[in-house]
Amino acid sequence: AKRVYLFNEGSKDDRDLLGGKGANLCEMTTLGLPVPFGFIITAPTCREFFEAGNKLPPLLEQEYRVALDLVEKQMDARFGDPDDPLLFSVRSGAAVSMPGMMNTVLNLGLNDDIAAGLARKTGNPRFAYDCYRRFIQMFADVVMGIDGEQFEHEIERYKTAHGKQNDVEMSAEDWQEIIRVYKGLVNFPEDPFQQLKMAVEAVFLSWHTPRAYVYREMNNIPETLGTAVTVQAMVFGNFGDTSGSGVAFTRNPSNGDPLFFGEFLFNAAGEDVVAGTRTPLPVSALQERLPAVYDELYTTQALLEHHYRDMQDLEFTVQEGRLYMLQTRSGKRTGRASVKIAVDMVREGLITEKEALMRVSPEHVESFLHPMVDPARKTEIVATGLPASPGGATGRIVFSAEEAVEVAAGGDSVILVRRETTPEDIHGMKVAAGILTELGGMTSHAAVVARGMGVCAITGCGALTINYAEGTATTDAGVVMRRGDVITLDGTAGEVMLGDVPKTEASSSDDFQTLLSWADKHRRLKVRANAETPEDAAKALELGAEGIGLCRTEHMFFEADRIDQMRGMILAANREERQHYLDQLLTYQEEDMLALFRVMNGLPVTVRLLDPPLHEFLPHTEDDMAALSQRIGKPVAAIREMTESLQEVNPMLGFRGCRLSIVYPEITEMQVKAIISAAVRATEEGLRPHPEIMIPLVVNVREIRLISKIIDRGIQAVMQEKHVSIPYKIGTMMETPRATLGADRLAAEVEFMSFGTNDLTQMTYGFSRDDVGKFLPQYLEKKLVEQDPFVSLDTRAVGRLMEIAVTESRARKPGIKYGICGEHGGDPLSIQFCHDLGLDYVSCSPFRVPVARIAAAQAKV
Ligand code: PEP
Ligand code: MG
């Protein structure tokens with residue numbers, strides 16, 4: 001296959017072959033823009049190079065020499081010819097942009113003779129020798145692996161010895177002296193063709209530098225892609241006062257304003273602009289001093305944005321009053337800018353609504369919902385955990401819920417740091433700006449609750465050792481964080497930083513609402529929320545939820561004033577005692593349900609029967625037991641005895657879900673009575689409640705039959721007593737592999753099914769939800785799993801079970817309603833899968849609702 005392409009032989013669609021940079025240079029060339037000519041060695045050649053044990057294909061040099069001849073003709077100069085020298089830049093460029101990750105060599109093609117020739121030809125020896133020394137420095141560093149420090153050191157030494165302050169004072173002779181010193185340090189090849197060959201190899205090899213590797217891993221870029229090499233004729237911004245280099249954006253990348261925006265440095269090479277050692281001027285300075293160049297640049301940027309139909313990030317150089325375009329690509333932008341630009345471009349007729357939807361990522365959406373750590377101002381990351389709940393937060397470290405409440409009451413923002421959290425910590429979690437736990441995964445208590453509240457959280461931060469007694473959290477690297485210290489969490493990335501790292505504000509915008517309205521117009525999947533309190537439900541409604549897809553009733557008993565009744569019920573020695581607590585819980589349950597029905601008037605509310613992992617509710621220490629004994633008036637010994645008898649070896653596979661209804665039908669009776677009584681009261685208030693009662697964690701049809709009977713009986717009793725008829729549905733969750741494999745038979749008994757993919761993932765993998773923090777990071781690091789399966793649905797196995805369930809149940813009962821309410825319901829990739837599977841709705845935490853609306857639209861588009 002052809003391995004070398006001239007700039008007039010490719011187009012922007014050839015990214016895989018020519019890399020993003022090369023493809024765009026070709027496109028600009030074809031558009032007739034002023035691009036210094038050149039050629040590209042393809043990315044597949046990079047793969048050949050690695051496959052051959054880091055050897056260039058034998059015929060490659062022949063092939064690029066043919067291209068090089070044509071570049072010489074076009075540029076009217078000759079590579080390796082002292083009388084008329086042509087120099088090259090040699091750059092990497094993969095199909096996906098990896099800014100600054102790989103190597104570049106500039107001014108390639110110089111040696112003593114040619115530098116002298118360049119001095120003669122340009123009449124500017126100072127310029128020529130500055131180029132030459134820069135070239136040696138860069139070539140030695142990038143191609144020969146000689147530390148660049150040494151060279152800078154030599155320049156400093158020379159300057160000190162000769163009383164010079166900065167580069168401007170260096171004459172041609174000074175640079176020649178430096179070059180002599182350099183040549184003593186490095187034995188670099190004088191032959192330009194040898195230089196070129198070595199540079200090409202070095203660019204290929206830079207695909208494997210550690211930083212490039214890390215970047216690819218972070219951004220999910222395949223290792224096999226490889227990089228193309230772009231070889232382009234050099235133009236010089238450091239030629240004098242009518243020269244310079246700049247970068248620009250066709251619109252403002254931080255706020256999206258539709259204004260040309262850029263920076264320019266006179267008499268400077270491109271690398272000087274990037275290095276940030278001199279402060280660039282706004283491009284308007286170019287308008288004052290070189291108006292014709294500015295006009296051409298302005299027209300060019302407008303043309304490029306229009307041509308690419310997206311905001312562009314440009315690099316350009318001006319040499320002696322002539323403009324040259326060196327790069328164009330889609331510009332990186334903040335979340336807010338991305339939404340504004342997308343919406344503006346639809347209004348300008350540049351793109352369609354559907355295209356606008358595809359331009360916005362979930363992270364972009366998050367910046368409208370949560371404060372975010374400003375990526376440009378991040379400080380050193382002292383520990384990394386799982387990105388359990390997005391957003392950024394800064395506060396003082398506290399180690400208990402009580403402390404959190406106390407410090408927060410004093411007006412300070414707090415970060416609650418715990419080994420793990422339990423329902424007892426809720427009051428602390430509520431007042432915390434952020435939550436950090438050593439243990440747990442993406443679906444353990446801290447993660448689920450924090451996400452529900454929209455509070456930033458990091459879980460499974462195994463690098464921490466927490467000592468409650470001393471009030472310290474120590475990282476593996478030995479950084480000690482103490483009670484009261486200020487830290488910042490980036491819950492979107494799972495990163496912990498010391499001190500107060502600046503964050504961007506969260507607030508909605510008209511453009512954001514417009515984009516969401518387009519999403520609603522184009523999506524098929526309905527979006528519901530997982531919520532149990534009226535506040536969360538109201539938030540969900542405000543963010544566009546079309547109902548509640550999961551009300552975890554056990555969460556309704558987390559509050560301090562009722563958790564004791566819940567515990568009393570769990571620890572009851574007999575039926576009477578249990579009934580005593582159930583009667584109390586009934587009141588709470590009924591009032592809560594009524595509040596929820598009020599908020600969600602006219603919309604479906606899926607209420608799940610109690611499903612408490614018992615270990616989350618049991619007292620843990622002697623102190624806990626003593627305190628509980630005081631509060632509920634039960635002897636400590638009795639509490640201890642029941643607690644011990646309820647201890648489970650595998651709580652996540654234990655006495656949970658519908659198993660509770662089977663052993664203690666009175667719990668279900670209480671719940672049904674509460675739900676339907678609340679619905680009756682709502683109806684009497686003139687509202688339209690739509691309760692959907694959901695049975696969790698089933699494994700077979702007999703469970704459903706038994707429990708449905710209890711539910712139906714309870715419902716009929718209330719309706720008959722009150723003489724009101726309530727529309728209701730009974731459904732079940734698909735959370736165990738066995739349930740999915742027998743879904744057709746379960747479907748026959750119910751009106752809806754909802755995938756509980758947290759448990760389904762746990763049981764399919766056999767990875768305990770609460771313990772994955774201990775080993776999953778290693779699985780990810782060693783690439784034993786592509787992604788955390790508790791974050792993004794494992795389509796291969798869990799997805800296969802879902803597919804079987806949907807297909808077989810719909811074959812038996814066409815059109816049966818299917819949803820998902822595991823945490824995956826808010827994950828864009830999983831939403832795509834659910835769309836393809838033909839589910840009716842996804843349900844996620846309130847703050848994920850806008851993300852889900854957009855993702856559902858993207859899935860359809
Ligand atoms: C699930 O298992 O996916 C689910 C929604 O239930 P929970 O997370 O409460 O176990
Ligand atoms: Mg579950």
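How many of the residues of strand β27 are buried? Five of its five residues are buried, so that β27 is mostly covered; a residue is called buried if 20 or more other C-beta atoms lie within 10 Å of its own, exposed if 12 or fewer, and partly exposed in between, with C-beta atoms placed from the backbone.

## Basis of the description

This is a predicted model, in which local features need pLDDT of at least 70 and side-chain atom pairs count only at pLDDT 80 or more, while totals for chains, interfaces and linings use all residues. Residues are numbered from 1 along each chain as its sequence is written, and chains are lettered from A and ligands numbered from 1 in the order in which they are written.

## Overall architecture

The protein chain contains 34 helices and 33 strands. Helices (H or I, at least four residues) and strands (E, at least two) are DSSP runs, numbered from the N terminus. The C-alpha trace spans about 105 × 60 × 55 Å along its principal axes. Of the 861 residues in the chain, 51% are buried.

Two residues are in contact if their C-beta atoms, placed from the backbone, lie within 7 Å. Among contacts between residues at least 6 apart in sequence, 68% join residues at least 24 apart.

## The eight-strand sheet

An open sheet of eight strands has the order β14-β24-β23-β16-β17-β18-β19-β15, with mixed pairing. β14 (381–384) and β15 stand at the edges with a single partner strand each, so one side of each lacks a neighbour in the sheet. From one strand to the next, the twist averages 30°. Axes are lines fitted to C-alpha atoms, for helices over the stretch in contact, and angles run from 0 to 180 degrees between N-to-C directions. Strands are said to pair if DSSP finds at least two bridges between them. Strands of a sheet pair through backbone hydrogen bonds, either parallel or antiparallel.

At one edge, β14 runs antiparallel to β24 (residues 495–498) and is joined to it by three bridges; T384 stands opposite E495. At the other edge, β15 (residues 386–389) pairs with β19 in the antiparallel sense, also over three bridges, and P387 stands opposite I458. On its other side β19 is parallel to β18 (residues 434–437), again with three bridges, and A457 is the bridge partner of I435. Within β19 (residues 456–459), C456 and I458 point one way and A457 and T459 the other way, and all are buried.

## Helices against the sheet

Helix α16 (residues 401–409) lies across β16 (392–398) and β17 (414–418), at about 175° to β17. Helix α18 packs on the sheet as well, touching β15, β18 and β19, and its direction makes about 45° with that of β15. α18 (residues 445–453) also forms a right-handed β-α-β unit with β18 and β19. A crossover is right-handed if, with the strands pointing away from the viewer, the path from the first strand over the helix to the second runs clockwise.

## Strands β26, β27, β28, β32 and β33

β27 pairs in the parallel sense with β26 over two bridges, and L550 of β27 has N530 opposite. The chain passes from β26 to β27 through helix α20 (residues 534–542) in a right-handed β-α-β crossover. β27 also pairs in the parallel sense with β28 (residues 604–608), over three bridges; V607 is the bridge partner of C551.

Four bridges join β26 (residues 526–530) to β33, to which it runs parallel, and R528 stands opposite S843. β33 is also parallel to β32 (residues 817–820), with two bridges; Y841 is the bridge partner of G819. Helix α33 (residues 828–837) links β32 to β33 in a right-handed β-α-β crossover. Both faces of β33 are covered, with Y841 and S843 on one side and V842 and C844 on the other, all buried.

V842 lies in β33 (residues 841–844) and counts as buried because it has 32 C-beta neighbours inside 10 Å. Beyond its neighbours within four places in sequence, V842 has contacts that include L525, V527, G819, I820 and A852.

## Surroundings of ligand 1

The shell around ligand 1 consists of T443, L550, R552, D611, E735, G756, T757, N758, D759, C821 and G822; a residue is near a molecule or strand if its C-beta atom, placed from the backbone, lies within 6 Å of it. β27 (548–552) and α30 (757–765) each supply at least two of these residues, and α30 gives the most, with three.

By class, the shell has two nonpolar, five polar and four charged residues. Ala, Val, Leu, Ile, Met, Phe, Trp, Tyr, Cys and Pro count as nonpolar, Asp, Glu, Lys and Arg as charged, and the others, Gly among them, as polar.
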